[in-house]
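Here is a brief structural report on a single model. Please read it alongside the coordinates.

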Amino acid sequence: MILTPEPDAVRSIEKRLAVVTNWGFFASFGMCSLLSGFSGAQWWLGLLGYAALVAGFIGHLIINRVFDTGFTGGEISFGLVAFGVSALSFIGSWLFDPGFGSVNLGIGLVGFAAMTTCLVAYLVIKYGLRGSYVMIHSLRGR
């Protein structure tokens, strides 16, 4: 007797595989370029790293659209934790590393601006301009 998995289970596994492959490619090149840009104080290499990470996010959005899903709770949690750790690391390096120059500061600020832009663009794409405003406004009133 041959057991076949449920179609929803197969679809979930395919989506997970696509997401892991997407981030495995873009995040590895992005982080290598980003870290090289920070360590060598090279603008172009740091910005190339952030461009690769933004491309990974766009790829994830496309995968979500193809599979007609949204971000899972784990993906959202991981994204928030990664953003928080990177923000704390950036602030700590800026405060305590004497070799942290203006090029590194610029790379970091451009990167955080790019990540914030990605978040706002995602909210507008998913909920629309009015829906995003209402959602953020209702959270503020609590």
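The report moves from the overall fold to single residues.

This is a predicted model: local features need pLDDT of at least 70, side-chain atom pairs count only at pLDDT 80 or more, and totals for chains, interfaces and linings use all residues. Residues are numbered from 1 along each chain as its sequence is written, and side-chain values use heavy atoms, with hydrogens and water left out.

**Overall fold**

The protein chain has four helices and zero strands. Its elements run α-α-α-α from the N terminus on. Helices (H or I, at least four residues) and strands (E, at least two) are DSSP runs, numbered from the N terminus.

The radius of gyration of the protein chain is 18 Å, whereas a compact globule of 142 residues would have one near 14 Å. That radius is taken over C-alpha atoms, and the globule rule is 2.2 Å times the number of residues to the power 0.38. Along the principal axes, the C-alpha atoms fill a box of roughly 65 × 45 × 20 Å.

Contact means heavy atoms within 4.5 Å. Take the contacts with a separation of 6 or more: residues 24 or more positions apart account for 62% of them.

**Surface and charge**

The protein chain exposes about 9900 Å², and carbon and sulfur atoms supply 73% of that area. Accessible areas come from the Shrake-Rupley method with a 1.4 Å probe; for residues, only the protein chains shown count as cover. Buried means under 20% relative accessible area, exposed over 50%, and partly exposed in between (1.4 Å probe, protein chains only). Of the 142 residues, 25% count as buried.

There are 8 positive and 6 negative side chains, and the centres of the two sets lie 13 Å apart. Lys and Arg count as positive and Asp and Glu as negative; His and the chain ends are not counted. The place of a charge is taken as NZ of Lys, CZ of Arg, CG of Asp or CD of Glu.

**Cysteines**

The structure holds zero disulfides, a disulfide being a pair of cysteine sulfur atoms within 2.5 Å. Why is cysteine 118 not bonded? Its sulfur is 20 Å from the closest cysteine sulfur, in cysteine 32, so the gap is too far for a bond. Cysteine 118 is buried, with a relative accessible area of 14%. Cysteine 32 counts as exposed, at 52% relative accessibility.

**Loop residues with positive phi**

Most residues other than glycine have a negative phi. Two residues with a positive value are listed here.

| Residue | Phi | Loop | Relative accessibility |
|---|---|---|---|
| Alanine 41 | near 50° | between helix H1 (7-40) and helix H2 (43-66) | 39%, partly exposed |
| Aspartate 68 | about 55° | between H2 and helix H3 (73-96) | 65%, exposed |

**Two sites in helix H4**

Asparagine 104 lies in helix H4 (residues 102-140). Is asparagine 104 buried or exposed? At 6% relative accessibility, asparagine 104 counts as buried. Leaving aside its neighbours within four places in sequence, asparagine 104 is in contact with Gly37, Phe38, Ala41, Phe90 and Gly99. Ala41 in that list is the loop residue between H1 and H2. Asparagine 104 and glycine 37 are 67 residues apart in sequence, yet their C-alpha atoms are 7.9 Å apart in space.

Valine 134 also lies in helix H4. Valine 134 counts as partly exposed, at 48% relative accessibility. How far apart in space are valine 134 and threonine 21? Their C-alpha atoms are 35 Å apart, with the two positions 113 residues apart in sequence numbering.
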